[in-house]
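Visitor: Please take me through one part of this model at close range. I would like to see how its helices pack.

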Amino acid sequence: MTHTDRTTPALRLDRAPAQPGPDPTAAQLRLDRALDALDLAFRGATAPADEVQCTCHWGSEEELALLKVPGVELSPDLLRRTWEAPDWRDQAAVMRRILPQFAKALVDGRVEPLFGAFCAVGKSFARGQWRQWPADQSAAVWEFLRAWWAQALADPAPAVPVHELLALCTEASGTLGCWLAAWEARDDGVADRHLAEAAARWEYDLLGDELPWDAWYEDEDALRGELAAWLVRRVPARLRPQDGHEGLLHRIRLVGLTGAARYEDPHWPGHRY
């Protein structure tokens, strides 16, 4: 992380309260259309006829056979075992087979990753290398992720919390900046409440110079630095101390400092790493 200046923008005590978020109907309609587009793009997709899986740890031959038939609904447990498995011969084909059902389960809050870490879902997308799929298919996945992100930012209580969804989208796409830019463009009360919750979830790890999720990323330090710098820049502009955020504002300010400047600050919270 390159930000070492002890100064940060002054807390904006005179900032007008953020306006209520826009009607989420448009965002939900966009997401519904994106889900329909996934159905269309992957209609008829199947796992390869010669795909195999461990019957001791994954499941039965009968279950495997279901993946080789298009459109058959999988049980929630079989769906989970399928997206979690990292060792398919053709990860892309298996992901295409399950993606319409998987996406609907995700947005409905019916997917529960191990330990609640949704970055694992993003890694399952990445294993399928969906950005290398034919243009119409990769475009459908991009729009699904973007539409889901927009819907979550507009929803006061999304099925997947925004801080978890950011990790998912980042791991799935291999990029962080576009998701932060979309969040920054939403200057409203709902987006600000999501920001406060996310910052509170992330500050402990960031103060220990760690990324707040288990990343599958070529340069985790760069990713952490990008997230930290964005929070340092955006949190003081969006959250107000009189709304109960004074302590959080100080801790995010400390994220922008390094070494003794951080640990000797009077507002250092006493975290130990």
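Guide: Start with a crossing. Helix α3 passes α4 in a left-handed crossing. Bear in mind that this is a predicted model. On the α3 side, the contact is made by L79, T82 and W83. On the α4 side, V94, I98, Q101, F102 and A105 take part. By type, the residues of this contact divide into six nonpolar, two polar and no charged.

Now the geometry. The axes of α3 and α4 come within 10 Å. They cross at roughly 125°. That angle makes α3 oblique to α4.

Both helices also help to cover a third one. The cover over the buried residues of α5 includes α3 (76–84) and α4 (91–107), along with α6 (135–154) and α7 (162–173). Helix α5 itself spans residues 119–127. Its buried residues are C119, V121, G122, K123, S124 and F125. After α5 comes Q129, with a positive phi near 50°.

Look closely at F125. Leaving aside residues up to four places away in sequence, F125 touches M95, L99, F102, L106, W130, V141, F144 and A172. F102 is thus named twice: F102 belongs to the α3–α4 contact, and F102 touches F125.

Finally, step back to the core. The largest nonpolar core has 82 residues. Those with the most contacts inside this core are F102, F125, F144, W183 and L231. Among them, F102 and F144 are touched by F125.

Definitions and conventions:
Residues are numbered from 1 along each chain as its sequence is written. This is a predicted model: local features need pLDDT of at least 70, side-chain atom pairs count only at pLDDT 80 or more; totals for chains, interfaces and linings use all residues. Side-chain values use heavy atoms; hydrogens and water are left out. Buried means under 20% relative accessible area, exposed over 50%, partly exposed in between (1.4 Å probe, protein chains only). Helices (H or I, at least four residues) and strands (E, at least two) are DSSP runs, numbered from the N terminus. Contact means heavy atoms within 4.5 Å. A nonpolar core is a set of buried Ala, Val, Leu, Ile, Met, Phe, Trp, Tyr and Cys residues joined through side-chain atoms within 4.5 Å. Axes are lines fitted to C-alpha atoms, for helices over the stretch in contact, and angles run from 0 to 180 degrees between N-to-C directions. Angles under 35 degrees count as roughly parallel, over 145 as roughly antiparallel, 65 to 115 as roughly perpendicular and the rest as oblique. A crossing is left-handed if the near helix is turned anticlockwise from the far one by less than a right angle, and right-handed if clockwise. Ala, Val, Leu, Ile, Met, Phe, Trp, Tyr, Cys and Pro count as nonpolar, Asp, Glu, Lys and Arg as charged, and the others, Gly among them, as polar.
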